[in-house]
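Please look over the sequence and the model below, and then read the short report that follows.

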Amino acid sequence: MEIIVANESHFKYAQIISDTITDSAKVRGTGIAMRTPEYIIKRLQNGNAVIALDGDTFAGFCYIEVWGNKDFVANSGLIVHPDYRNQGLAKKIKKAVFDLSRKKFPDAKIFGITTGLAVMKMNYELGYKPVTFSELTDDPEFWKGCQTCKNFDILTRTDRKMCLCTGMLHDPKAQKQEPEKVNKKAFKRLKSIKENLFLKKKDK
Ligand SMILES: CC(C)(COP(=O)(O)OP(=O)(O)OC[C@H]1O[C@@H](n2cnc3c(N)ncnc32)[C@H](O)[C@@H]1OP(=O)(O)O)[C@@H](O)C(=O)NCCC(=O)NCCS
């Protein structure tokens with residue numbers, strides 16, 4: 001398995017990346033924004049994405065986006081093809097995209113929003129902390145990216161203050177501490193409280 005910084009030679013994988021995200025969103029039913037092949041191509045060509053390939057076969061992907069005058073970068077769109085899940089690949093991709101973010105944007109705060117326990121765990125291990133949305137970028141373009149998520153109405157209803165996703169932030173200026181472990185029980189409880197508050201009964 002090769003995990004590399006993507007470039008123009010990887011444009012041919014844009015369709016399968018987009019399809020894998022769409023299919024996973026359907027299966028999971030919540031908390032994943034769709035990405036078109038055109039959108040993926042832009043991320044592949046600017047040196048800010050990481051792709052995992054098993055020979056010529058697509059296995060996984062994640063990209064960096066820069067917000068608010070380079071004060072913030074987000075590691076977004078993490079996807080592992082179902083054939084390659086549960087083998088530690090997402091962890092390796094996340095680490096690769098995190099290291100690339102630190103190298104290219106050493107002063108930026110790195111953040112992400114997620115409904116997924118797997119991502120929450122990986123973020124904790126990289127030194128992210130859970131934060132309220134007010135600690136994240138206020139760049140409207142970032143939040144526009146949530147428009148294709150099925151929970152977007154919640155984000156709008158709450159004036160962008162909260163949603164089913166949890167915000168997580170890595171501040172390079174914060175003091176280095178031992179990485180924390182996610183409290184799975186607390187995370188699941190919080191998610192269920194948010195779902196009860198925000199989702200209509202038929203959506204749950
Ligand atoms: C989430 C996803 C990226 C995980 O990929 P993966 O390669 O199977 O993950 P890994 O094998 O590297 O596992 C990383 C950690 O997450 C845990 N994990 C993986 N899938 C999980 C799940 N569905 N629920 C809870 N924990 C999970 C693993 O046990 C591992 O934790 P550990 O280090 O404590 O053992 C993959 O399932 C996926 O692409 N899902 C659809 C897209 C998605 O949800 N993206 C995130 C959007 S916020």
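## Surface and charges

In this predicted model, the protein exposes about 11,400 Å², and carbon and sulfur atoms supply 52% of that exposed area. The protein carries 36 positive and 24 negative charges, and the mean positions of these two sets are 6 Å apart.

## Overall dimensions

The C-alpha trace of the protein spans about 45 × 40 × 30 Å along its principal axes. Because a compact globule with 204 residues would have a radius of gyration near 17 Å, the 16 Å found for the protein agrees with that expectation. Of the 204 residues, 46% are buried.

## Order of helices and strands

The protein contains 7 helices and 7 strands, which follow one another along the sequence in the pattern β-α-α-β-β-β-α-β-α-β-α-α-β-α. Among the contacts with a separation of 6 or more, 70% join residues that are 24 or more positions apart.

## The nonpolar cores

The largest nonpolar core has 27 residues, of which Ile64, Val73, Val80, Leu89, Ile93, Met120 and Tyr128 touch the most other members. Two or more residues of this core come from each of strand 2 (49–54), strand 3 (57–67), strand 4 (72–80), helix 3 (89–104) and helix 4 (117–125), and helix 3 gives the largest share, with 6 residues.

When neighbours within four places in sequence are left aside, Leu89 is in contact with Met1, Ile3, Ala52, Ala59, Val80 and Tyr84. Apart from this largest core lies another core of 17 residues, including Leu136, Cys146, Leu155 and Cys163.

Methods
Residues are numbered from 1 along each chain as its sequence is written. This is a predicted model: local features need pLDDT of at least 70, side-chain atom pairs count only at pLDDT 80 or more; totals for chains, interfaces and linings use all residues. Side-chain values use heavy atoms; hydrogens and water are left out. A nonpolar core is a set of buried Ala, Val, Leu, Ile, Met, Phe, Trp, Tyr and Cys residues joined through side-chain atoms within 4.5 Å. Buried means under 20% relative accessible area, exposed over 50%, partly exposed in between (1.4 Å probe, protein chains only). Helices (H or I, at least four residues) and strands (E, at least two) are DSSP runs, numbered from the N terminus. Contact means heavy atoms within 4.5 Å. The radius of gyration is taken over C-alpha atoms; the globule rule is 2.2 Å times the number of residues to the power 0.38. Accessible areas come from the Shrake-Rupley method with a 1.4 Å probe; for residues, only the protein chains shown count as cover. Lys and Arg count as positive and Asp and Glu as negative; His and the chain ends are not counted. The place of a charge is taken as NZ of Lys, CZ of Arg, CG of Asp or CD of Glu.
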